[in-house]
Amino acid sequence: EMRVPGGMVAIDAAVEKLSKTHAEHISQYGLQNDQRLTGAHETCDINTFKHGVADRGSSIRIPLPVMLKGYGYLEDRRPSANVDPYTVARLLLKTILT
């Protein structure tokens with residue numbers, strides 16, 4: 001739904017759902033994420049959920065070309081490099097598709 005014209009509606013709905021499960025996701029998004037997600041260096045504070053267009057300091061980033069086209073994808077910037085990618089995929093699918 002996100003990747004077809006008009007997909008911004010689905011992207012906005014996904015962001016809304018992700019905002020409600022921030023703590024659950026953060027708790028499973030990798031070790032020592034508290035040291036990386038400080039609010040400095042183009043990150044959002046670990047306890048804060050924020051989204052934005054072309055905002056590298058947000059939890060969920062919507063690329064500018066996506067917003068301009070009106071469809072595409074979103075980026076979850078919270079997972080750490082040491083997290084199991086299947087954990088991230090499971091949480092995103094569970095949250096967005098329910």
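# Exercises on a predicted fold

At 74% relative accessibility, His41 counts as exposed. The cut-offs are these: buried is under 20% relative accessible area, exposed is over 50%, and partly exposed lies in between, with a 1.4 Å probe and protein chains only.

The model is predicted: local features need pLDDT of at least 70, side-chain atom pairs count only at pLDDT 80 or more, and totals for chains, interfaces and linings use all residues. Residues are numbered from 1 along each chain as its sequence is written, and side-chain values use heavy atoms, with hydrogens and water left out.

## Exercise 1: the overall fold

Task: State how many helices and strands the protein has, and in which order they run.

Solution.
- Step 1. Take the elements from DSSP runs: helices are H or I runs of at least four residues, strands are E runs of at least two, and both are numbered from the N terminus.
- Step 2. Count them: five helices and three strands.
- Step 3. Read from the N terminus: α-α-α-β-β-α-β-α.
- Step 4. Check the packing. The radius of gyration is 13 Å, close to the 13 Å that the globule rule gives for 98 residues, so the protein is as compact as a globular protein of that length. The radius is taken over C-alpha atoms, and the rule is 2.2 Å times the number of residues to the power 0.38.
- Step 5. Add the box: along the principal axes, the C-alpha atoms fill roughly 40 × 30 × 20 Å.
- Step 6. Add burial: 39% of the 98 residues are buried.
- Step 7. Add contacts, meaning heavy atoms within 4.5 Å. Of the contacts with a separation of 6 or more, 55% come from residues 24 or more positions apart.

## Exercise 2: helix α1

Task: Test the span of helix α1 (residues 8–20), then find which of its residues are buried and what they pack against.

Solution.
- Step 1. The expected span is 1.5 Å times one less than the number of residues.
- Step 2. For the 13 residues of α1 this gives 18 Å; the end C-alpha atoms are 19 Å apart, which agrees.
- Step 3. List the buried residues: Met8, Ala10, Ile11, Ala14, Val15 and Leu18.
- Step 4. Look down the axis of α1. These buried residues fall within an arc of 155°, so they line one face of the helix. The arc is that of the directions from the helix axis to the C-beta atoms.
- Step 5. Turn to the other side of α1: Val9 and Lys20 are exposed there.
- Step 6. Name the neighbours. The buried residues of α1 pack against α2 (22–27), β1 (51–53), β2 (60–62), α4 (64–69) and α5 (85–97).

## Exercise 3: helix α5

Task: Repeat the analysis for α5: which residues are buried, and which are exposed?

Solution.
- Step 1. The 13 residues of α5 should span 18 Å, and the end C-alpha atoms are 18 Å apart, which agrees.
- Step 2. Thr87, Val88, Leu91 and Thr95 are buried.
- Step 3. Seen down the axis of α5, its buried residues fall within an arc of 100°, so they line one face.
- Step 4. The face turned away from the buried side carries the exposed residues Pro85, Tyr86, Leu93 and Leu97.
- Step 5. The cover over the buried residues of α5 includes α1 and α2.

## Exercise 4: the sheet

Task: Give the strand order, name the edge strands and place α1 on the sheet.

Solution.
- Step 1. Strands of a sheet pair through backbone hydrogen bonds, either parallel or antiparallel. Here two strands pair if DSSP finds at least two bridges between them.
- Step 2. The three strands form an open sheet, ordered β1-β2-β3, with mixed pairing.
- Step 3. The edge strands are β1 and β3 (75–76), each of which pairs on one side only.
- Step 4. β2 and β3 pair in the antiparallel sense over two bridges. The bridge partner of Ile60 in β3 is Asp76.
- Step 5. α1 packs on the sheet and touches β1 and β2; its direction makes about 170° with that of β2. Axes are lines fitted to C-alpha atoms, for helices over the stretch in contact, and angles run from 0 to 180 degrees between N-to-C directions.

## Exercise 5: positive phi

Task: Locate His41 and Ala54, and give the phi of each.

Solution.
- Step 1. Most residues other than glycine have a negative phi.
- Step 2. His41 lies in the loop between α3 and β1. Its phi is near 55°, a positive value.
- Step 3. Ala54 is in the loop between β1 and β2. Ala54 has a positive phi of about 55° although it is not a glycine.
- Step 4. Ala54 is partly exposed, with a relative accessible area of 42%.
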